[in-house]
Amino acid sequence: MASEKKRHELNGFGVDARRRWGLLSASLLSLACAHAVAAQEREPAAPPAAEAATAEPAAADAPPPDDDTPIASPSPPPEGVVLPEVAPIIPDDEFRKAIPPISAEDDPELDKPLESIADFEKRVADAAKQKANGTADAVPQVDGTPVPALADGQTVEPIGDAPITDAELAAPLPPLESFDVQPVQFVDAEPEGENRQVAYSVQVNGLAAADDSTDADLSGLFGDLSALYDGDGKADNFAMLRARLSNDAELMQRILSSEGYYDGSVDTRIDRAGRERGQPVSAVIDVKPGPRYSFSDIILDAKPTVPPGLIADNFPLAIGEPIVAERVQGAEAAISLKLPEEGYPFAKVGQRDILLDGDKATGVYTLPIDIGPRARFGGFASSGKEAFGADHVAIMARFKRGDLYDSRKVDDLRQALVATGLFATVSVEPQATGESAGDDTEYVTMLVNQQAGPPRTLAASAGYGTGEGIRVEGSWTHRNLFPPEGALIVRGVAGTQEQGLGVTFRRSNAGRRDRTFELVGEATRSNYNAFEALTGRVAARVSYDSTPIWQKKLTYAYGVQLIATSEDDYSFLLADRERDLYYIVGLTGQIGIDRTNSLLDPTKGFRVTTLIEPEGSMSGRFSPYARARVDVSGYYPVAENIVLAGRVRVGSILGAARERLAPSRRFYAGGGGSVRGFGYQQLGPKDPNNDPIGGRSVNEAAFEARYRFGNFGIVGFVDAGQVYTGSTPDFSNMRFGAGIGGRFYTNFGPMRLDVATPIDRKPGESRISVYVSIGQAF
């Protein structure tokens with residue numbers, strides 16, 4: 001016998017079967033349902049198992065009732081019971097209209113008198129005798145009337161004097177009193193407030209073998225999605241329990257099919273055995289997984305690609321492995337992603353077909369793939385409510401005309417557009433041009449559909465540090481006041497020891513992706529123990545920095561600044577503080593190397609940043625000098641949620657004595673971003689009033705052990721550092737601070753709270769220092 005074969009489709013969660021004989025099965029199912037309905041109409045419904053067990057058994061040998069015993073008849077409904085009206089399937093008016101008109105004009109036979117039953121029986125009997133004797137005409141007739149032809153071997157028995165061949169027809173009818181007619185019983189309404197809740201337990205049988213043979217946790221998956229388990233063992237009534245049991249049976253069938261058990265069967269029942277003893281009923285699911293199907297062949301129906309093995313090499317399914325829905329869907333998704341990454345922007349994966357062989361428990365998997373034309377990047381086009389034109393979009397792209405199409409670069413461009421903050425919605429899609437690009441490829445135009453959003457934002461931040469007090473900063477930004485991406489930023493600082501106002505013009509993606517040009521003008525007032533200053537600053541800067549989208553391995557910045565500042569400083573000659581006016585002009589240059597795995601919260605790798613600032617100060621006479629600083633930090637994960645982090649900073653000022661430097665341009669140490677445990681700028685040389693005066697060199701070091709659990713973290717740390725009068729740090733007289741911190745991790749970075757104390761504390765130093773800010777300490 002040829003093996004039964006069927007096709008299955010994987011759709012959504014599971015695998016739905018399509019058998020070749022689906023139409024015939026549907027017809028047989030409809031016939032069976034009709035037969036069942038007819039049987040219900042003919043026979044009274046059987047009582048439930050529990051009720052049947054407690055019903056009074058009928059006496060098998062009870063004598064029949066006397067002839068005078070009245071036959072039981074249905075009792076009338078109780079008073080007040082309203083039986084539902086049964087509406088006709090077809091209303092009488094509609095039925096009459098559907099009957100075609102019949103008249104004698106259409107059929108003259110309608111006016112003829114009806115043939116008697118005796119004449120009809122005689123005519124049929126004569127035709128049968130003619131057939132039996134072989135004397136019948138080509139068309140048998142009785143009294144000139146044609147008789148329908150009979151099949152070979154069939155005879156027509158006359159109704160009148162014909163012999164009776166069915167014995168049941170000659171059997172006497174049973175006495176009427178032998179029919180047991182039960183009167184209709186009407187159920188009384190349940191008392192109001194009666195607790196009808198059903199307690200139940202769930203029992204799944206037969207799933208263990210299939211569960212052990214798969215990588216998936218079938219029992220756990222069923223438990224997560226089950227309506228029975230979701231009900232916590234309680235149902236309002238048995239109808240609800242049966243409905244949950246039916247839903248879970250379908251769920252179990254889908255779970256089995258998703259792991260290749262296409263012939264599995266699931267039976268359900270409710271076991272009420274313990275109900276009489278006050279125990280919950282059992283909702284039982286009996287599972288018979290059957291054989292597990294595997295791939296006997298895999299057919300990838302696609303045209304040749306470049307390179308030739310592009311599809312086959314990236315398709316993870318193999319002949320002989322089980323047919324698992326999740327792996328099939330994952331393999332198809334892998335092809336859908338890989339082809340656009342390799343130059344096929346219009347590739348489409350078609351509808352799979354799996355032909356199953358029931359005898360061998362195998363399946364032939366066929367997947368049609370339309371690879372479309374191989375393409376290269378062409379030009380750009382823009383549509384919609386534009387924030388900027390296609391020319392600026394081309395600057396942000398990391399590809400040029402003629403490069404092989406790669407969907408990853410398209411996604412990168414879309415993310416860069418989103419990062420500008422100028423769009424409500426934005427999309428980037430390839431558009432076919434039909435223009436040949438050579439090498440059997442064609443150009444595609446990248447269409448950017450823009451919907452510009454609100455360009456203005458308000459932002460604020462706050463922090464606190466021992467020695468620097470409370471600091472609140474706010475800003476107003478118009479990100480596209482000078483298109484494309486020409487932003488105007490107004491910034492204000494209000495704090496216990498610093499106040500300021502500044503205006504910045506910033507051009508993002510200035511001639512190159514992620515390159516920024518800034519022009520800054522600001523005025524600040526600072527009042528610290530080290531100095532009190534009124535400062536005006538104008539600066540221009542070009543930078544190439546990392547962004548949350550693309551963390552760069554190499555960054556740089558360069559610029560120029562002009563500073564005018566009035567500051568007080570302690571004069572050892574006068575033994576008092578005096579105020580001087582400084583005019584400073586300088587250049588700035590910075591280079592950074594980043595090999596960490598995260599811009600905001602690194603857990604491994606290292607960073608190196610070098611800053612050089614040649615400056616000249618005019619306070620009485622011109623004094624040139626150079627400020628240099630190197631920062632190195634590293635991160636090492638010792639466990640999945642434990643990271644060791646370290647930082648070293650070394651700085652030096654060459655070319656000028658400390659007295660010739662404006663106090664704000666000297667080096668200081670201490671505080672939340674420096675050496676925790678000490679107040680802001682409190683380390684290093686001090687005047688006779690014990691106020692810091694700054695120095696020409698600095699060294700700092702920090703070590704942290706970071707432990708994270710969920711969105712929270714704990715950090716233990718030890719910091720060290722010192723500031724020196726000379727231009728070369730000698731690492732002598734190092735001061736240490738230790739403490740503990742808490743972290744709350746958000747999508748924009750961790751929020752930090754650190755508490756520290758100085759080691760070997762000296763008179764005048766605080767026992768506890770507190771620091772609150774956004775971001776890690778380093």
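**Salt bridges and burial**

Arg 708 counts as partly exposed, at 33% relative accessibility. In these classes buried means under 20% relative accessible area, exposed over 50%, and partly exposed in between (1.4 Å probe, protein chains only). The model is predicted: local features need pLDDT of at least 70, side-chain atom pairs count only at pLDDT 80 or more, and totals for chains, interfaces and linings use all residues. Residues are numbered from 1 along each chain as its sequence is written, and side-chain values use heavy atoms, without hydrogens and water.

**Exercise 1.** Find the salt-bridge partner of Arg 708 and classify the burial of that partner.

Step 1. A salt bridge needs a side-chain nitrogen of Lys or Arg within 4 Å of a carboxyl oxygen of Asp or Glu.
Step 2. Asp 601 meets Arg 708 at 3.7 Å, N to O. The two are 107 residues apart, with Asp 601 in the loop between E23 and strand E24 (605-619) and Arg 708 in strand E27 (residues 697-709). Strands (E, at least two residues) are DSSP runs numbered from the N terminus.
Step 3. Asp 601 has a relative accessible area of 18%, so Asp 601 is buried.

**Exercise 2.** Trace the salt bridges that Arg 491 makes with Glu 473 and Glu 522.

Step 1. In the bridge between Glu 473 and Arg 491, the closest N and O atoms are 2.6 Å apart. Glu 473 belongs to strand E17 (residues 469-478) and Arg 491 to strand E18 (residues 486-495), so this pair ties together parts 18 residues apart in sequence.
Step 2. Arg 491 also bridges to Glu 522, at 3.6 Å from N to O. Glu 522 lies in strand E20, so this pair joins parts 31 residues apart in sequence.
Step 3. Partly exposed is the class of Glu 473 at 22%, Arg 491 at 28% and Glu 522 at 23%.

Conventions: Helix = DSSP H or I, 4+ residues; strand = E, 2+ residues; numbered from the N terminus.
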